[in-house]
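Let's go through this one by question and answer. Keep the structure open and check each point as we get to it.

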Amino acid sequence: MSSVPPRDETPITEPDDVHVGHVKEYAAGVPAVAVALARGMEQMGPLRTARTLSKLNQRDGFDCPGCAWPETPGHRKHAEFCENGAKAVAEEATKRRVTPEFFATHSVDDLRERSGYWLSQQGRLTHPVYLAPGDTHYRPVTWAQADRIIADEFAAMSSPDEAVFYTSGRTSNEAAFVYQLFARSVGTNNLPDCSNMCHESSGAALGASIGIGKGSVTVPDLEAADLIIIAGQNPGTNHPRMLSTLEKAKHNGARIVAINPLPEAGLMRFKDPQKVGGVVGHGVKLTDEFLQIRLGGDMALFRGVARLLLDAERAAPGTVFDRDFLDERCAGVDDYLRLLEDVDFADILAATGLTYEAIADLADAVARSERIVLCWAMGLTQHRHAVATIGEGTNVLLLRGMIGKPGAGLCPVRGHSNVQGDRTMGIFEKMPESFLAAQDAEFGIVSPREHGFDTVASIGAMARGEVRLFVAMGGNFVAATPDTEATRTALARCALTVQISTKLNESHVATGRAALILPTLGRTDKDVIGGVAQQVSVEDSMSVVHLSRGSLPPASSELRSEVAIVCDLATAVLGADHAVPWQRLRGDYDAIRDHISRVIPGFENFNIRVRMSDGFVLPHPPRDLREFTTPNRRANFAVNPLEWVEVPEGRLILQTLRSHDQYNTTIYGHDDRYRGIKGNRRVIMMNPADITAFGLRAGQQVDIISEFAGAGSEASGPNRAGAGSEASGPDRIEERRVTGFEIVEYSTPRGNAAAYYPETNPLVPLGSVAKDSNTPVSKAVVIRLEPATT
């Protein structure tokens, strides 16, 4: 057993009492620099902090393990990172270690009593460990033993579909490609991933509308836009480097309209700490108009804007609609215009909570602007009518011809670095025939054609006892998914759960009857195989593919890359004489890229183009050529009944969201600095008038109970549907409960509330999902509040 540095015994600060201070009026500034450096010093020390941050998002360095926001081509800064990116690096490059001795000290039952924050703060995993059936502790195993344990599980299966392969968005293109290749070589399409829980609705909507589930803009497009609409997105916390792009757009004359239930700091003002004005000045005011919309009201807002555009076009024909674009490139225009005839603005105002004047101002801006970009994130995608909402926003841009022209287009702002690249590489339970056929021809295998399980379906299959083996390539499945207790119970029914991870998290203690933890390299680590330094590639939110190269010595000599882990496992399961040359791919990532170049369109000459200074941009027919890859070769208007979210009497609608001190399920600390909430994350943010109306008070401890339609009901959410829709009533009401949350007064629309996830994920039932995308409805949970029981 190789030696590792002693584990840092720095005390871990657990949650304290809630402290409510002032809501910040700007994002970033000097405090962001101070926090980033403090976290780096705490986890890495001064030399390691300087070494890692100087390589972060640089051409000769590694891609940020946080968000997927791209750099401006040809204009990288010396400090090309944000506060939360620096926190993510500090978490990964920490000097703290989780050794076999740690697992000998802590039983699994002991670890189950710890918080996710405490688990993650223990440090980097150093050795593969195994929890045998009936055992109390994880114990060290060799890599060969781990591979044999998994191979034996495959041998015991009656069908390949008893295996599920989950993927996190941090996985590189090369690792994602061999991972899905292994799954399909085994014979299953069970490839759920984190996209299923966030931007699946974007992919479904854009695929139907324009033929490709990716955004149609680049950073230069945003910088050239004269109107940027940001809906259901909080860039200051979730994509902070986007603020620099918005600042440049403002400098170039852009008008920015923010649409969100909460007035987030990053939507209001930005103080760039790399500029004098961001240190001693007031920074840049970003938002020209802030529309504080009710949860789930965005579809109604876009519908109202479209109706006003129709009125303006009728008043001055040929001045508002792009008639040439509509006639030559679009389908469903007349059906959609007929739908607009039935718009009742009483419904629009009720759904949005906005004034007619505010909606009319937005419609006027859309009518007059020549270059419009629509940005959105999970505030739109995690509703029951999410796909229809994104389709409605797309309709507004189509009316104005804002697809395939400079400075205009659609911008779904994705989260995790390379979550988009994973999908490009085939991490999807229903990849198209063109991909499967090309891969089969390249490798001489026969991929299954029957669609596999997505995330929600995988949990259901595990709960029914239909899954023996669950493998997770990164991520924190149990904390990221909805209905937390149901997910834990489902995982426990598996014979074996395997986590390929860099650090401990809750999923390592939500095990099957047996469990393996396989430690892997992170983005910051050197990846050397057979004496040859390897490089991986990633794809950002705007389809740019570039290299990433770690520079730190691995936390242990026992760590393996994700590519090596998958290829060794494939060899153990499928045999050394399998058609895919697994061991060659294990030691030569260029060879993997050569295969990718022949399987996936747009990756021709992959190894040459990815070594260019800024990588290369994948083709996007709607953006590049105004050509649409839909079956009818046109941009299709989405024609759907109007839906919104109603607040039942005596109830609230809850949205789950991140704090500024976390990234996805990784909690960095307990200080949501921008919202002024410190010390503890178990809070619920409510409108002061709602607090009074419910007979409650700020600072009071309450339990949150979610209510939803039970089995037998088609509609399990609180949506209100317009004429022509079908809605079935509930057979029964089911409930979920979380306890001990403190009420905090906050600026939210009446009837709406907000709380942090993953603490409130137990409230989101598995059966409450978006139509057409199966994404959990985490932004529209019907709740009631009761005085705390504990």
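## Crossings, burial and backbone

Student: What is the hand of the crossing of H7 and H27?
Tutor: First off, this is a predicted model. The helices to look at are H7, residues 143-155, and H27, residues 562-574. Their crossing is right-handed.

Student: Is H7 parallel, perpendicular or oblique to H27?
Tutor: The axes of H7 and H27 are 9 Å apart, and the packing angle is about 55°. That angle is neither under 35 degrees nor in the 65 to 115 range, so it falls among the rest. H7 is therefore oblique to H27.

Student: How many nonpolar, polar and charged residues make up the contact of H7 with H27?
Tutor: On the H7 side you have Trp143, Asp147, Arg148, Ile150, Ala151 and Phe154, and they meet Ile565, Asp568, Leu569, Ala572 and Val573 of H27. Sorted by class, the contact of H7 with H27 comes out as eight nonpolar, no polar and three charged.

Student: What about H15 and H18: is their crossing left-handed or right-handed?
Tutor: Find H15 at residues 298-315 and H18 at residues 345-352; their axes come within 9 Å and cross at roughly 145°. As for the hand, the crossing of H15 and H18 is left-handed.

Student: Which residues of H18 does H15 meet?
Tutor: H15 brings Ala300, Leu301, Arg303, Gly304, Arg307 and Leu308 to the contact. The contact of H15 with H18 has six nonpolar, two polar and two charged residues. On the H18 side, the residues met are Phe345, Ile348, Ala351 and Thr352.

Student: How many residues of H3 are buried?
Tutor: H3 covers residues 83-92 and is mostly covered. Charged side chains are on the buried list too, including Glu83, Lys87, Glu91 and Glu92. The count of buried residues in H3 is 10 of 10.

Student: How many disulfides are there?
Tutor: A disulfide is a covalent bond between the sulfur atoms of two cysteines. Take Cys411, which is buried at 4% relative accessible area: its closest cysteine sulfur, in Cys375, is 3.9 Å away, too far for a bond, because the cut-off is 2.5 Å. The count of disulfides comes to zero.

Student: What is the relative accessible area of Ile228?
Tutor: Ile228 sits in strand E8, residues 227-231. Beyond its sequence neighbours up to four places away, Ile228 touches residues including Leu222, Leu246, Ile256, Val257, Val373 and Cys375. Ile228 counts as buried, with a relative accessible area of 0%.

Student: Which residue is joined to Pro758 by a cis peptide bond?
Tutor: Most residues other than glycine have a negative phi, and most peptide bonds are trans. Pro758 is in the loop between E35 (752-756) and E36 (781-787). With omega about 10°, its cis partner is Tyr757.

Student: Is Asn774 buried or partly exposed?
Tutor: Asn774 shares the E35 to E36 loop, and its phi is near 65°, a positive value in a residue other than glycine. Its relative accessibility is 25%, over the 20% limit for buried, so Asn774 counts as partly exposed.

Student: And Asn664, is that buried or exposed?
Tutor: Asn664 is found in the loop between E27 (662-663) and E28 (666-667). Its phi is positive, about 50°, although Asn664 is not a glycine. The relative accessible area is 17%, under the 20% limit, so Asn664 is buried.

Methods: Residues are numbered from 1 along each chain as its sequence is written. This is a predicted model: local features need pLDDT of at least 70, side-chain atom pairs count only at pLDDT 80 or more; totals for chains, interfaces and linings use all residues. Side-chain values use heavy atoms; hydrogens and water are left out. Axes are lines fitted to C-alpha atoms, for helices over the stretch in contact, and angles run from 0 to 180 degrees between N-to-C directions. Helices (H or I, at least four residues) and strands (E, at least two) are DSSP runs, numbered from the N terminus. Angles under 35 degrees count as roughly parallel, over 145 as roughly antiparallel, 65 to 115 as roughly perpendicular and the rest as oblique. A crossing is left-handed if the near helix is turned anticlockwise from the far one by less than a right angle, and right-handed if clockwise. Contact means heavy atoms within 4.5 Å. Ala, Val, Leu, Ile, Met, Phe, Trp, Tyr, Cys and Pro count as nonpolar, Asp, Glu, Lys and Arg as charged, and the others, Gly among them, as polar. Buried means under 20% relative accessible area, exposed over 50%, partly exposed in between (1.4 Å probe, protein chains only).
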